[in-house]
Amino acid sequence: TVKENGRNDCMLYTGELDNSSLEKLTMQHEMRQALNRNEFVLYYQPQYHIATGKVVGLEALVRWRHPERGMIPPTQFIPIAEESGLIVQLGEWVLAEACRQNKAWQDAGLPAVPVSVNLSMRQFLQQNLPDKVASILHQSGLRSEYLDLEITESMTMDVQHATTCLVELTKLGVCISIDDFGTGYSSFHYLKNFPINRLKIDRSFVRDIQQDPNDAAIVAAIIAMAHNLNLQVIAEGVETEGQVEFLRKHACDEMQGYLWSPPVPGGQVADILRPLAYPG
Ligand code: C2E
Ligand code: MG
Ligand code: MG
Ligand code: MG
């Protein structure tokens, strides 16, 4: 029988592959519905100024509140949305929702801070992205300086497109951050010329900052380089006081991580903004 013949196991694998593409199709279909049914929600993680402890920003991070499967993290659906192209629609929803909520917090009298929104590759490659951002800002009434767009190094590979797009976005007055910095292929030559405002040091370098001298050297070098290029620099994934000490010693500007707060639902943001500083 097929079962006894190990060589024929490939039949089973073919079956499994079909299952997983079926699963993807189902997921795509469900995501389309989820957009219409408003099942996506934004969580926000505060970013702190290290020297003063003040909240200087909020990163918007999308979650899918699935009616049966509960809260699904972005790592489980963003790649599928990216592959299917649905990310463009989802990304626009994220942008609009983040701008709307940030304006609402400002209108409620809370301290004004920029909201950071992650862009996907497909969104960034759209020719009309700057127009879309402009119209979303206009509709929400949020001033452009209160929107920060996070892109990754891989999005700057098409240098011509990236330059045009970033120049247009910067003209609008929004801020640009490079996310997960150090994990991609950044050419320092272009980094020097791109109109960007901030580098976000990837958390894989921050994690072992105290134990691994190579990580320590890399983080120290990124901070020094950012400052020499007149860029702000923020450390991602800060979880310990020891990491904070290192970052403070090397004059890193900002930090973000579980040490003070995980991403929280929008309803909890007022409690974070009101004191405007991390506890202690
Ligand atoms: P990211 O943009 O680098 O976001 C930071 C991720 O690190 C978030 O995971 C956050 O919850 C997590 N994090 C923050 N502090 C810590 C920490 O101290 N320790 C650890 N271990 N993790 C920490 P999350 O929310 O699961 O998002 C994962 C990724 O999904 C994001 O990475 C981003 O690339 C993507 N993503 C999230 N929301 C969106 C979105 O609206 N659009 C797009 N295109 N991508 C998104
Ligand atoms: Mg990010
Ligand atoms: Mg990222
Ligand atoms: Mg990141």
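This passage walks through the metal sites, a bound ligand, one helix and two buried loop residues of a predicted model.

We can begin with the magnesium ion (ligand 2). Its protein donors are Glu-59 (OE), Asn-118 (OD1), Glu-150 (OE) and Asp-179 (OD), which lie 2.0 to 2.3 Å from the ion. Along the chain, these donor residues follow the spacing E-x58-N-x31-E-x28-D. Distant parts of the chain are linked here: Asn-118 belongs to strand 4 (residues 115-118) and Asp-179 to strand 6 (residues 175-181), with their positions 61 residues apart in the sense that they are 61 residues apart. The surroundings of these two donors can be described as well. Asn-118 has a relative accessibility of 29% and so counts as partly exposed, while Asp-179, with a relative accessible area of 7%, is buried.

Asp-179 deserves a second look. This residue bridges the magnesium ion (ligand 2) and the magnesium ion (ligand 3), and those two ions lie 4.1 Å apart. Asp-179 also coordinates both the magnesium ion (ligand 4) and the magnesium ion (ligand 2), which are 4.1 Å apart. For the magnesium ion (ligand 4), the protein donors are Asp-179 (OD), Asp-180 (OD) and Glu-236 (OE), with Glu-236 (OE) listed twice, at 2.1 to 2.6 Å from the ion. The spacing of these donors along the chain is D-D-x55-E. Once more, distant parts of the chain are linked: Asp-179 sits in strand 6, whereas Glu-236 sits in the loop between strand 8 (232-235) and helix 10 (241-249), 57 residues apart. Both Asp-179 and Glu-236 are buried.

Ligand 1 brings some of these names back. It is surrounded by 22 residues, and the closest are Arg-63, Asn-118, Asp-179, Glu-239 and Tyr-258. An N or O atom in the side chain of Asp-179 is 2.8 Å from an oxygen atom of ligand 1. The backbone takes part too: an N or O atom of the Tyr-258 backbone lies 2.8 Å from an oxygen atom of the ligand, and a polar backbone atom of Val-62 is 3.2 Å from a nitrogen atom of the ligand.

Helix 5 (residues 129-140) is a good place to check a simple rule. At 1.5 Å a residue, its twelve residues should span 16 Å, and its end C-alpha atoms are indeed 16 Å apart. Which residues of helix 5 are buried? They are Leu-129, Pro-130, Val-133, Ile-136, Leu-137 and Ser-140. Seen down the helix axis, the buried residues fall within an arc of 125°, so they line one face of helix 5. An α-helix has 3.6 residues a turn, so residues three or four places apart point the same way. The buried residues of helix 5 pack against helix 3 (87-107), helix 4 (121-125), strand 5 (147-152) and helix 6 (159-172). On the face turned away from the buried side are the exposed residues Asp-131, His-138 and Gln-139. After the helix comes Gly-141, with a positive phi near 80°.

Finally, two loop residues are worth a visit. Ile-209, in the loop between helix 8 (203-206) and helix 9 (213-228), counts as buried at 3% relative accessibility. Beyond its neighbours within four places in sequence, Ile-209 contacts Asp-215, Ala-216, Val-219, Gln-243, Phe-246 and Leu-247. Ser-261 lies in the loop between strand 9 (254-255) and strand 10 (264-265), and its relative accessibility of 5% makes it buried. Leaving out residues up to four places away in sequence, Ser-261 touches Gln-45, Pro-46 and Ile-272.

Notes: Residues are numbered from 1 along each chain as its sequence is written. Chains are lettered from A and ligands numbered from 1 in the order in which they are written. This is a predicted model: local features need pLDDT of at least 70, side-chain atom pairs count only at pLDDT 80 or more; totals for chains, interfaces and linings use all residues. Side-chain values use heavy atoms; hydrogens and water are left out. Donors are N, O and S atoms within 2.8 Å of the metal (3.2 Å for Na, K and Ca); water is not among the atoms, so sites may look incomplete. Helices (H or I, at least four residues) and strands (E, at least two) are DSSP runs, numbered from the N terminus. Buried means under 20% relative accessible area, exposed over 50%, partly exposed in between (1.4 Å probe, protein chains only). The expected span of a helix is 1.5 Å times one less than its number of residues. The arc is that of the directions from the helix axis to the C-beta atoms. Contact means heavy atoms within 4.5 Å. A residue is near a molecule or strand if one of its heavy atoms lies within 4 Å of it. A polar contact is a pair of N or O atoms within 3.5 Å; within protein, one must be able to donate a hydrogen and the other to accept it, and residues adjacent in sequence count only if both atoms are side-chain atoms.
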